[in-house]
Amino acid sequence: MNYLSAENLSKTYNDRWLFREITLGIGQGEKLAFVGNNGVGKSTLLKILTGEIATDSGSVVIREGIRLGYLTQQPSVADHVQVKDILFHEGNEVAKAVKEYEACLADEHVDPDRMQHALEKMSDLNAWEYETKVKEIITQLGVPDLEKTFGTLSGGQKKRIFLAQLLLQEPDLIIMDEPTNHLDLSAIEWLENYLSGPQITLIMVTHDRYFLDAVATEIIELDRGQLYRYKGNYAYFLEKKASREEILKSEVAKAKNLLKKELDWMRRQPKARGTKAKYRIEAFYELQEKANTDLRKDKLELDIKEARQGGKILELEHINLTLGQHTLIKDFSYIFKKKDRIGVVGKNGIGKSSFLNVLTGKLKPNSGEVIPGVTTKFGYFTQDAMNLNNNNRVIEEVKSIAEFITLSDGSQVSASKFLDNFLFPPEKQYTYVEKLSGGEKKRLQLLKMLVTNPNFLILDEPTNDFDIDTLNVLEDFLENFTGCLLLVSHDRYFMDHLVDQLFVFEGDGIIQPFNGNYTDYRDELEEAELKKQKNQNKNFDKVEVKNADTKKGLSYKEKIELEKLVVEIQEIEGNKKKIQELLVSGETNHEKLINWGKELETLEQQLEEKTNRWLALSELE
């Protein structure tokens, strides 16, 4: 079943074609991922598909009855609106009932009649399953307190709220622009599994290559105003893209050679032009357009001279940091060595950025010492663009640091040339910073950091707002960087290729070193979880089934166990019913209601375990 069809879409921006006469369709269960350089029109195309902006020509048709959900990069809501009002749409009766129930639980002085009404409404609408889904989504995505107002939240928290809102609406077709930005690694992995489900139909723009591989069924590249589709993973896309570009180069070269002959033919006998074959004249103009295809591709060039690094780089001695009531760092010590390449992982809000600020001296620890080496020169790339002056022009931002920049081979280039290497051509260099896009500001921020010739790079989420080609260039540069590298990133592909050690933030200030990259760490966690499950299984009596011929029926002990299980299951079901009755009895004590809710969860877990055991024994009777 086709959910969305787009025919012959065209769009211009600043007298430049973003794309011309492109056609696109998506059917039920398909998952399309758009890729392409910054500025080619990926986000614009998504906005056209959702109806947020109009196309210059062409049409978009969404099948009747299909509900569309759209996650933008910059959602906006009034500052006074509470989180719960964003999450639960008033038009959804089930969501409305869950919202009221959650509000009653959060209110220690809730009116008894209000709580009673909320519980009855939950039961009438059979909303308990939906409430379970709500808890899973807001927990996995790290959605903050439902009572908070929108204006008090960080940019990352706002993005996660709108992502949760989208998933709770359960649309038939999901359109997402950079869904993994501002999510921690565990949240990304959960979202990856969620969106991989067969019931999800999805169109997304993403630069996260692992996420793209795990979720997308098809990669669509937007390049030079045209769409190119690839059914396969990211590696397949790279291979076929390289082949396509080689073929294009060959075609353009042939067209240029042929154009010389055809141009000579067009110039001959100008008075007899009307007698020339019309088809050949039309073919000439098509050939001319092909020969004039611009094969140049803007590519970021990273090249700097590194400051000399001495024997002592940076030492941390028994660092402790507490902010408010939260312990972020607890008695952490480490001596940085030459060519250390360390990734920092942990949930959002656990203290990773504060840790980086301690290293660079922006934040003082409560106790302990941070001792940098005499020659250590930090380059600190932060998540925001606070070090940019919006009132300056682009070239003024660079000249405020240096008029000339020294490259790795010792040669020097002007600030203007260096900007050109960073994809800021001369006409862009006199633009005010405030008018730059998010990706351009990030690029300028990276440039300003590298101009200082650092030998210790600290990068906090450097992959946001960069396209895949730029990330590849940045990866190549960092792989050849001979100084120390400390990296915080939600991009697992980026981290796996660059680090060989981790600082794992486990909570309560505990920072655990780990030898290996992020995939190594995840593999070890999975192995530990499997061992844990095996050990738990040993605590249960196991039914040994060697084969159907050697063992028939149950042992005496198993028969007794089976009889007991029937009684125990009936008893648990009776207790479960009593708890459910208590929940709708009109009780007003907030603490009792919470305890009954927890007891109900425990009973359901016990019932599942006993039932599974009963089924296993019953099969052997």
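Me: Two strands pair if DSSP finds at least two bridges between them. With that in mind, why are strand 17 and strand 18 called paired in this predicted model?

Reply: The cut-off is at least two bridges, and strand 17 (residues 456–460) shares 5 bridges with strand 18, so the two count as a pair. They run in the parallel sense. One of the contacts is easy to find: Leu486 in strand 18 is the bridge partner of Ile458.

Me: How do you know that strand 12 pairs with strand 18 too?

Reply: By the same test of at least two bridges: strand 12 (residues 341–345) is joined to strand 18 by 4 bridges, and these strands run parallel. Here Leu486 is the bridge partner of Ile342.

Me: What makes strand 18 largely enclosed?

Reply: Buried means under 20% relative accessible area. For strand 18 (residues 484–488), 5 of the 5 residues are buried, so the rest of the structure largely encloses it. Both faces are covered, with Cys484, Leu486 and Val488 buried on one side and Leu485 and Leu487 on the other.

Me: Which elements make a β-α-β unit with strand 18, and what is its handedness?

Reply: Strand 17 and helix 15 (residues 468–480) do, and the unit is right-handed.

Me: Why is helix 11 called largely enclosed?

Reply: Happily, the same cut-off of under 20% serves here. In helix 11 (residues 352–359), 6 of the 8 residues are buried, so the helix is largely enclosed by the rest of the structure. The buried ones are Lys352, Ser354, Phe355, Leu356, Val358 and Leu359. After helix 11 comes Gly361, with a positive phi near 85 degrees.

Conventions. Residues numbered from 1 in each chain as written. Predicted model: local features only at pLDDT ≥ 70, side-chain atom pairs only at ≥ 80, totals over all residues. Heavy atoms only, no water. Buried < 20%, exposed > 50% of the residue type's maximum accessible area, 1.4 Å probe, protein only. Helix = DSSP H or I, 4+ residues; strand = E, 2+ residues; numbered from the N terminus. Right-handed = clockwise from strand over helix to strand, strands pointing away.
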